[in-house]
Amino acid sequence: MNYAKIKKYDIANGPGVRVSLYVSGCRNHCKNCFNPETWDFCYGEPFTKEVEDEIIEAMKPDYIKGFTLLGGDPFEPENAEALAPFLIRLRSKYPKKSFWCFTGYDYEADILTGKKVNIDTALKILNCLDVLVDGKFVEELKDLNLLFRGSSNQRIILLKPSLKKDEVVLWDEETIV
């Protein structure tokens with residue numbers, strides 16, 4: 001797997017100051033995507049143990065509230081295989097920090113069904129996350145007033161209660177995760 005960039009002080013992709021990893025590779029190719037360079041699976045640098053260690057170190061300060069995974073698409077099978085063990089490692093190191101992920105795939109239709117992903121790998125990732133922002137970016141539904149998403153079709157899903165209840169539980173601005 002390759003990654004496009006690491007932001008060690010990101011305030012746009014989840015609440016608080018976060019470390020964000022932008023992975024390379026996406027098959028969704030949303031019109032007017034914010035990061036079209038990340039569609040290419042070969043873009044950027046290889047995701048190595050040293051890169052993992054760099055992220056783990058960047059997460060240490062108390063002012064870092066969490067980790068965000070985006071791209072590209074983290075749930076592309078090529079990316080998910082590398083990310084699942086890393087997220088398990090990162091979550092065990094920082095159990096009290098929040099973990100967010102953005103995907104162009106639909107949580108129920110594409111991920112939970114295994115239609116577009118390896119379901120076993122996807123579940124390993126989902127179990128490490130607190131929040132999943134799902135759905136393709138749709139230019140016609142673009143809304144600059146939305147918090148943490150680009151178009152109104154995208155949802156901010158609280159994963160732990162969603163997985164427990166087997167139904168989607170949405171995040172709201174009063175929920176701090």
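**Entry 1: Asp-166**

I looked up Asp-166 in this predicted model and found the residue exposed, with a relative accessible area of 69%. I place Asp-166 in the segment after α5, the helix of residues 159-165. Its backbone is worth a note: phi of Asp-166 is near 60°, a positive value in a residue other than glycine.

**Entry 2: His-29 and Asn-28**

I then turned to His-29, where phi is near 50°, again a positive value in a residue that is not glycine. His-29 lies in the loop between β2 and β3. I recorded a relative accessible area of 43% for His-29, which makes the residue partly exposed.

Asn-28 is found in the loop between β2 and β3. Is Asn-28 buried or exposed? I read a relative accessible area of 13% and entered Asn-28 as buried, the cut-off for that class being under 20%. I next asked which residues Asn-28 touches, not counting those up to four places away in sequence. I listed Asp-73, Glu-76, Gly-104, Tyr-105 and Lys-136.

**Entry 3: Thr-38**

Thr-38 also has its place in the loop between β2 and β3. I found Thr-38 buried, with a relative accessible area of 2%. Leaving aside neighbours within four places in sequence, I noted contacts of Thr-38 with Ala-4, Val-23, Ser-24, Gly-25, Cys-26, Gly-71 and Gly-72. Of the strands, β1 covers residues 2-10, β2 covers residues 17-23 and β4 covers residues 64-71; I therefore assign Ala-4 to β1, Val-23 to β2 and Gly-71 to β4 by the strand runs. I also checked one spacing: the C-alpha atoms of Thr-38 and Leu-70 are separated by 9.8 Å, with their positions 32 residues apart along the chain.

**Entry 4: β1, its hairpin and Asp-10**

I followed β1 to its partners. β1 and β2 pair in the antiparallel sense over five bridges. Six residues lie between the strands of this hairpin, and among the hairpin residues Gly-14 takes a positive phi near 135°. Two bridges join β1 to strand β3 (residues 45-46), and these strands likewise run antiparallel. I noted that Asn-2 stands opposite Pro-46 in β3.

Asp-10 is found in strand β1. Which residue of β2 is the bridge partner of Asp-10? I identified Arg-18. Asp-10 is buried, with a relative accessible area of 3%. Beyond residues up to four places away in sequence, Asp-10 touches Gly-16, Val-17, Arg-18, Ser-20 and Tyr-22. The bridge partner Arg-18 is thus listed among the contacts as well. Leu-21 is 11 residues from Asp-10 along the chain, and I read a C-alpha separation of 9.9 Å for this pair.

**Entry 5: the sheet**

I traced the strand order next. An open sheet of seven strands runs β3-β1-β2-β4-β5-β6-β7, with mixed pairing. β3 and β7 (155-158) stand at the edges with a single partner strand each, so one side of each is left without a neighbour in the sheet. For the parallel part I looked at β4 and strand β5 (residues 98-102), which pair in the parallel sense over four bridges. In β5, Trp-100 is the bridge partner of Thr-68. I add as background that strands of a sheet pair through backbone hydrogen bonds, either parallel or antiparallel.

**Entry 6: the whole protein**

I closed with the overall fold. The protein has five helices and seven strands, and along the sequence I read the pattern β-β-β-α-β-α-β-α-α-β-β-α. The radius of gyration is 15 Å, close to the 16 Å that the globule rule gives for 177 residues, so the protein is as compact as a globular protein of that length. I took the box of the C-alpha atoms along the principal axes as roughly 40 × 35 × 35 Å.

How much of the protein counts as buried? I recorded 47% of the 177 residues. The accessible surface comes to about 8900 Å², and carbon and sulfur atoms account for 54% of that area. Of contacts between residues at least 6 apart in sequence, 64% join residues at least 24 apart. Finally, I compared the charges: the mean positions of the 24 positive and 28 negative charges are 4 Å apart.

Note on methods
Residues are numbered from 1 along each chain as its sequence is written. This is a predicted model: local features need pLDDT of at least 70, side-chain atom pairs count only at pLDDT 80 or more; totals for chains, interfaces and linings use all residues. Side-chain values use heavy atoms; hydrogens and water are left out. The radius of gyration is taken over C-alpha atoms; the globule rule is 2.2 Å times the number of residues to the power 0.38. Buried means under 20% relative accessible area, exposed over 50%, partly exposed in between (1.4 Å probe, protein chains only). Contact means heavy atoms within 4.5 Å. Accessible areas come from the Shrake-Rupley method with a 1.4 Å probe; for residues, only the protein chains shown count as cover. Lys and Arg count as positive and Asp and Glu as negative; His and the chain ends are not counted. The place of a charge is taken as NZ of Lys, CZ of Arg, CG of Asp or CD of Glu. Two strands pair if DSSP finds at least two bridges between them.
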